[in-house]
Structure formats: structure tokens, C-alpha cells
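Open the model in your viewer and keep the selection tool at hand. The stops below go from one selection to the next.

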Amino acid sequence: MSKPNESSVKSLNHEHEHEHDHKHDHQHEATHVHNQPGAGHADDHAGHNHSALGGHVHATGTKLKWAFLATFFILAVEVVGGSLANSLALLSDAGHVLTDVAALGLAWFAAVQAQKSPTLDKTFGYHRTGILAALANSLTLIIIAFVILYEAFHRFQNPQPVESTIMYLSAGVGVIVNLAIAFGFRGGEDNLNVRSALLHVLGDAAASAGVIIGAIIMQFTHWYVIDPIISVLIALMIAWNAWKIVKETLHILMEGAPDNFEYDRLLAFVRTLPGAQDIHDLHVWSVTPERVALSCHLIVDPEGSLERSTEIIKQFKQYILKEFGISHSTIELEIDQCGCPGLLCPETLWESGKGAH
Ligand SMILES: [Zn+2]
Ligand SMILES: [Zn+2]
Ligand SMILES: [Zn+2]
Ligand SMILES: [Zn+2]
Ligand SMILES: [Zn+2]
Ligand SMILES: [Zn+2]
């Protein structure tokens, strides 16, 4: 591709900044503090698609940093404590905390990547690096879960004594620090993101509390099989959360449409617009969960004016932004069918020799 001159590139960038300057009405500081992939937050308020992937572009607050440092502290305590206590349960809990540290690190990484401008070489920018990192991260977590299950299998056959005191002291740090993080969320429960992050942190505190209870029981009974039982439960929790991320990232990489998109509603709306008749050759995909794009052909009344068509496109774009959070669309106007009446373009259209479509 030949390179346009500097000034035209700059003016293109400038236009885009204005086009995509969507207003945020939610509080970023409070909203994205503990932006865990596993938290499963999924709201579809106007103009935004948050999903289980999290990683909002603006998640760069100081609270994110503090949550990261606090979670990293739990990780260090539980790894050292788990090794000293010879407790697989505590090391498994550390494995889960590692997933949280990775999630918070990813949120930060995605925020940094999002600041890179698109280039002529990568016109969508670098947003997908966050998706690839999330996929690699969750596949790693599934491997971690299998390693824990494998170790637990050995311990079931040959239960090993554990140092209960070190176990519940280390897990106690996990409970206290997680409750402190939860305390930082107080007052924001009306917000769905804050509520799901809060639930996740309380779930983490409960997992650590489970380790403490197990340690106390083992101290009195010496039933050391409890240690691998707790490990298996934590491994299943890690694998389940990781699997949800794998599914979501694969859906995005397959150019899947977001869950909240409803074609029937879009078509019904188009038919209420005077002068608009039908849409076809529809594509809806997510660059990331919050950057959804759409392209389609729109059939308009042949008698209509250019002003009317421009107004139809404007209302169409407003509607898909408000209803589905789609902030980037390319709409081709037609006055009669281009020869592909189908809603989706058939596979043959991609074949060479059939003309550009
Ligand atoms: Zn644009
Ligand atoms: Zn967690
Ligand atoms: Zn664009
Ligand atoms: Zn067409
Ligand atoms: Zn066509
Ligand atoms: Zn197509």
C-alpha cells in the first residue's frame, strides 16, 4: 500500500478521535478495581459491552495498582506458607491467587495496549493483544489445574502430614487482605461491575477460610486426606473460571457477534425508518468485548433524497450504539438488491473470479 502523506494521516486520526469520543457515565476508579476475568461481569448498558474478559480500557486507576499489590502479597505468603507447611491445599489456593494476579496484570496490559494508535499496517490498533494474552493466560491456568489434580491424586494414595499452624496463619492473611479489598468496594454495590468484583473477592476469602477450617480439622484429627480434597475443589474452581475465558476469547477470535446483539430488533427498527426498506450482507464482530463493529448493506427508497439517506444512516448508527453498544459501523446504501438477497453473505462470495463484493 502506498503511504498517504503525513497531513492526511493526521487528519484521519483526528476525525476518528472525534467520532469515537463516547461519553462514560460510570465511575472508572470504583468500577474496574478488581477486574477479574473469572468474575463474570456482563452488563450491557448503553454503549458498553463489558464481559467476563474485563480489561476495560480505562482500568488504570490507583486502586487497580493497590489491588494488584495486595493480591501479589497474598500470593507470596501462600506460596511460602504452602511450601513450609507441605500443604497442597494452600499451594492450590496460591494457584488461584496467581490467576487473580495475572488477571489484574492483564487489565493493566490491555490498558497500555489500548493507548497505542492504529497504524496503516494494523488499522484496528493493538487491542487484540489483550485477547491473545487472556487466551494464553487461561490455557496456562487449565494446565495449573491439571497439575494440582495430578498432585492431589498422589496425595490421596499416600496422604502426607501438613503443618496446620503455618497453613491457617498463611490462609488467614488471604482472608484478611481479601476482606480489606472488599471493604474498599463498599458503597458501590449498585454498580454491576463492582458487585461482581465484590462477590469474587468474598469468594476468595471463603476459599481461604475453607483452607483454615481444613487445617484446624487436620490439627485435631490428623485426617490428612482433607488436604488433597480441598486442593481438588480449588483446582475445579480454577479450571471452570479459565474455561469461561477460553470460550469467550475463542468466540472473539472467530469474529463472533456479541451476545446482546439481536438481528430481529435491528430489522424491526430499520423498517420504522421512513425511506429505509431492508438490510442484508450483515457482519457483526468484536475487536474486543467493548469494541464492537458492524457492516451491512442498507436498501433505501429509490425516490428518496441523499439528505434522507444520510439521516437514515445517522439514526441507524445512533440506534446500534444505544441498543447494542456498537460504536463502529460501515453501511453501504443500495436502491435495489446487489444480487445477494441473503442476510449473511454466502461462502461463494469469497471465491475469486466472482467479482468484488
Ligand atoms: Zn470510526
Ligand atoms: Zn480470586
Ligand atoms: Zn474506523
Ligand atoms: Zn447488497
Ligand atoms: Zn451483495
Ligand atoms: Zn459480506
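## Stop 1: a helix contact

Select A145 and show its surroundings: leaving out residues up to four places away in sequence, A145 touches A235, I238 and A239. The model on screen is predicted. A145 sits in helix α5, which covers residues 128-157. Is A145 buried or exposed? A145 counts as buried, because its relative accessibility is 3% and the cut-off for buried is under 20%. Now add H96 to the selection and draw a C-alpha to C-alpha distance: A145 and H96 are 9.1 Å apart in space, with their positions 49 residues apart in sequence.

## Stop 2: annotated spans

Next, colour the ranges that UniProt lists, in an unreviewed entry, as "transmembrane region": residues 66-88, 94-111, 131-153, 165-185, 197-217 and 223-243. Two of these ranges can be checked against the model. Select residues 94-111: the span is 100% helix and 0% strand, and its end C-alpha atoms lie 26 Å apart. Then select residues 131-153, where the chain is again 100% helix and 0% strand; here the end C-alpha atoms are 33 Å apart.

## Stop 3: a nonpolar patch

Turn on the surface and select F156, I213, I217, W223, V225, I229 and L233. Together they make a nonpolar surface patch of about 660 Å². Which helices each supply at least two residues of the patch? They are α7 (192-221) and α8 (226-253). Pick V225 from the set: V225 is in the loop between α7 and α8. V225 counts as partly exposed, because its relative accessibility is 32%, and partly exposed runs between the 20% and 50% cut-offs.

## Stop 4: the zinc ions

Finally, select the zinc ion (ligand 4) and display its donors. H280 (NE2), H297 (ND1), E334 (OE), E334 (OE) and C338 (SG) coordinate the ion at 2.0 to 2.6 Å. Along the chain, the donors of this ion follow the spacing H-x16-H-x36-E-x3-C. The site links distant parts of the chain: H280 is in strand β1 (residues 276-288), while C338 is in the segment after β3 (326-334), 58 residues apart.

Add the zinc ion (ligand 5) to the view. How far apart are the zinc ion (ligand 4) and the zinc ion (ligand 5)? The distance is 3.2 Å, and C338 coordinates both ions. For a last comparison, colour the donors by accessibility: H280 is buried, with a relative accessible area of 1%, whereas C338 is partly exposed at 37%.

Terms used. Residues are numbered from 1 along each chain as its sequence is written. Chains are lettered from A and ligands numbered from 1 in the order in which they are written. This is a predicted model: local features need pLDDT of at least 70, side-chain atom pairs count only at pLDDT 80 or more; totals for chains, interfaces and linings use all residues. Side-chain values use heavy atoms; hydrogens and water are left out. Donors are N, O and S atoms within 2.8 Å of the metal (3.2 Å for Na, K and Ca); water is not among the atoms, so sites may look incomplete. Helices (H or I, at least four residues) and strands (E, at least two) are DSSP runs, numbered from the N terminus. Buried means under 20% relative accessible area, exposed over 50%, partly exposed in between (1.4 Å probe, protein chains only). UniProt positions are given in the numbering used here, feature names are shortened, and annotations may be inferred rather than shown by experiment. Patches are made of residues with over 30% relative accessible area and no salt bridge: like charges are joined within 9 Å, nonpolar side chains (Val, Leu, Ile, Met, Phe, Trp, Tyr) within 5 Å. Accessible areas come from the Shrake-Rupley method with a 1.4 Å probe; for residues, only the protein chains shown count as cover. A salt bridge is a side-chain nitrogen of Lys or Arg within 4 Å of a carboxyl oxygen of Asp or Glu. Contact means heavy atoms within 4.5 Å.
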